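The following questions ask what each structural term rests on, and each answer sets a value against its cut-off.

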Amino acid sequence: MSAVQSVDRALDVLEALAEQGGEAGLSEIAARTGLPYGTIHRLLRTLLARGYVRQESDRRYALGGALVRLGGVADRMVGVWAQPHLTKMVELWGETANLAVLEGDFVVYVAQALSPRRLRMFAEVGRRVLPHSTAVGKVLMADRPDTEVASLVKRTGMPRRTANTITDLQGMLAELERVREHGYAMDLGEEEIGVHCLAVGVHDGARTVAALSVSGPAERISALDRRDLTEGMRRIARDFGAELGPATSAQADGTV
């Protein structure tokens with residue numbers, strides 16, 4: 001096994017764990033990766049020793065704490081790379097532009113460009129919110145299977161933020177199906193009364209790795225041409241995704 005092949009296979013194992021919700025048994029990893037059991041055992045020993053994987057009491061494997069440090073640094077770098085794209089969004093539509101990622105069960109805002117208007121929306125960089133009441137959260141959840149979404153909201157609950165918040169699983173699953181169909185998500189006063197937000201996904205290869213959004217007072221967001229806004233945001237998301245990884249045109253043009 002060459003050094004490059006070893007790295008490639010180790011990443012396959014980590015991605016298999018992530019695709020299983022962060023935890024999997026040996027047979028599940030083998031089914032996901034197609035690797036022999038002996039190879040997986042050798043890779044897991046190294047990943048365990050470095051803290052990138054841990055072994056649970058039931059002998060299943062889970063993503064380890066060492067990834068948290070790397071993830072935090074990566075998020076900050078993604079925020080730096082996103083800034084020109086967020087600035088362009090503000091120039092085009094005059095409203096606050098945000099970049100958010102899903103960390104565990106929470107949406108985290110990692111970058112922002114503020115609207116120049118006196119009345120504007122502000123989400124502090126580093127702020128953590130539950131995903132069910134935000135457009136960025138819906139975009140990020142829509143990339144995941146319904147079973148994973150159900151597990152997530154079971155852990156977090158779906159507290160009512162406003163009278164418009166979706167607070168039941170079936171309602172959220174129906175909403176996420178609309179997101180997948182249309183390629184964007186809306187928050188119509190679901191996190192904060194009087195604030196609307198539209199979000200699209202940023203794709204890196206086969207995954208939605210982040211969400212871009214435009215947010216502002218409800219009447220101003222409603223006055224924007226939604227088709228122009230979504231098509232423009234998708235173009236920006238495609239350009240940004242191309243900087244992060246080899247996104248396909250189909251994903252970048254609206255498949256969330």
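Terms and their grounds

Q: In S5, which residue is the bridge partner of Leu99?
A: The bridge partner of Leu99 in S5 is Ala111. Strands are DSSP runs of E with at least two residues, helices are runs of H or I with at least four, and both are numbered from the N terminus. The model is predicted, local features need pLDDT of at least 70 and side-chain atom pairs pLDDT 80 or more, while totals for chains, interfaces and linings use all residues. Residues are numbered from 1 along each chain as its sequence is written, and side-chain values use heavy atoms, with hydrogens and water left out.

Q: What makes strand S4 and S5 a pair?
A: Two strands pair if DSSP finds at least two bridges between them. S4 (residues 96-103) and S5 are joined antiparallel by seven bridges, so the condition is met. Asn98 stands opposite Gln112 in S5. The two strands make a hairpin with two residues between them, and Gly104 in its turn has a positive phi of about 65 degrees.

Q: How do you know that S5 and strand S6 pair?
A: Two bridges join S5 to S6 (residues 128-129), and the strands run antiparallel. One of the links is between Val108 and its bridge partner in S6, Arg128.

Q: What makes S6 and strand S7 edge strands?
A: The open sheet has six strands, in the order S6-S5-S4-S9-S8-S7, with antiparallel pairing. S6 and S7 (185-188) each pair on one side only. Helix H9 (residues 226-244) lies across S4, S7, S8 and S9, at about 35 degrees to S8. The angle is between N-to-C directions and runs from 0 to 180 degrees; axes are lines fitted to C-alpha atoms, for helices over the stretch in contact.

Q: Why is strand S5 called mostly covered?
A: Buried means under 20% relative accessible area, exposed over 50% and partly exposed in between, with a 1.4 Å probe and protein chains only. Seven of the eight residues of S5 (residues 106-113) are buried.

Q: Why does Gly22 count as buried?
A: Gly22 has 16% relative accessibility, so it falls in the buried class. Gly22 lies in the loop between helix H1 (3-19) and strand S1 (23-24). Not counting residues up to four places away in sequence, Gly22 touches Leu17, Tyr61, Ala62 and Leu63; contact means heavy atoms within 4.5 Å.

Q: What makes the sheet with S1 open-ended in its pairing, and which strands are its edges?
A: Three strands form an open sheet in the order S1-S3-S2, with antiparallel pairing. S1 and S2 (53-55) are the edge strands, as each pairs on one side only. S1 pairs with S3 (residues 61-63) over two bridges. Helix H3 (residues 37-50) packs on this sheet and touches S2 and S3, and its direction makes about 100 degrees with that of S2.

Q: Why is the contact of Glu23 and Arg60 called a salt bridge?
A: A salt bridge is a side-chain nitrogen of Lys or Arg within 4 Å of a carboxyl oxygen of Asp or Glu. For Glu23 and Arg60 the N to O distance is 3.2 Å, so the pair qualifies. Glu23 lies in S1 and Arg60 in the loop between S2 and S3, so the pair ties together parts that are 37 residues apart in sequence. Both residues are partly exposed: Glu23 has a relative accessible area of 29% and Arg60 has 25%.

Q: How do you know that Glu103 and Arg128 form a salt bridge?
A: Their side chains meet at 3.6 Å, N to O. Glu103 is in S4 and Arg128 in S6, so parts 25 residues apart in sequence are tied together. Glu103 is partly exposed at 27%, and Arg128 is partly exposed at 45%.

Q: Why are Arg180 and Glu177 separated by about one helical turn?
A: They are three residues apart in helix H7 (residues 169-182), which means about one helical turn. The closest N and O atoms of their salt bridge are 3.3 Å apart. Elsewhere, Lys138, Glu175, Arg178 and Glu190 are joined into one network by salt bridges that share partners.

Q: What makes the phi of Arg59 notable, and is the residue buried or exposed?
A: Most residues other than glycine have a negative phi. Arg59 has a positive phi of about 75 degrees although it is not a glycine. Arg59 is exposed, with a relative accessible area of 62%.
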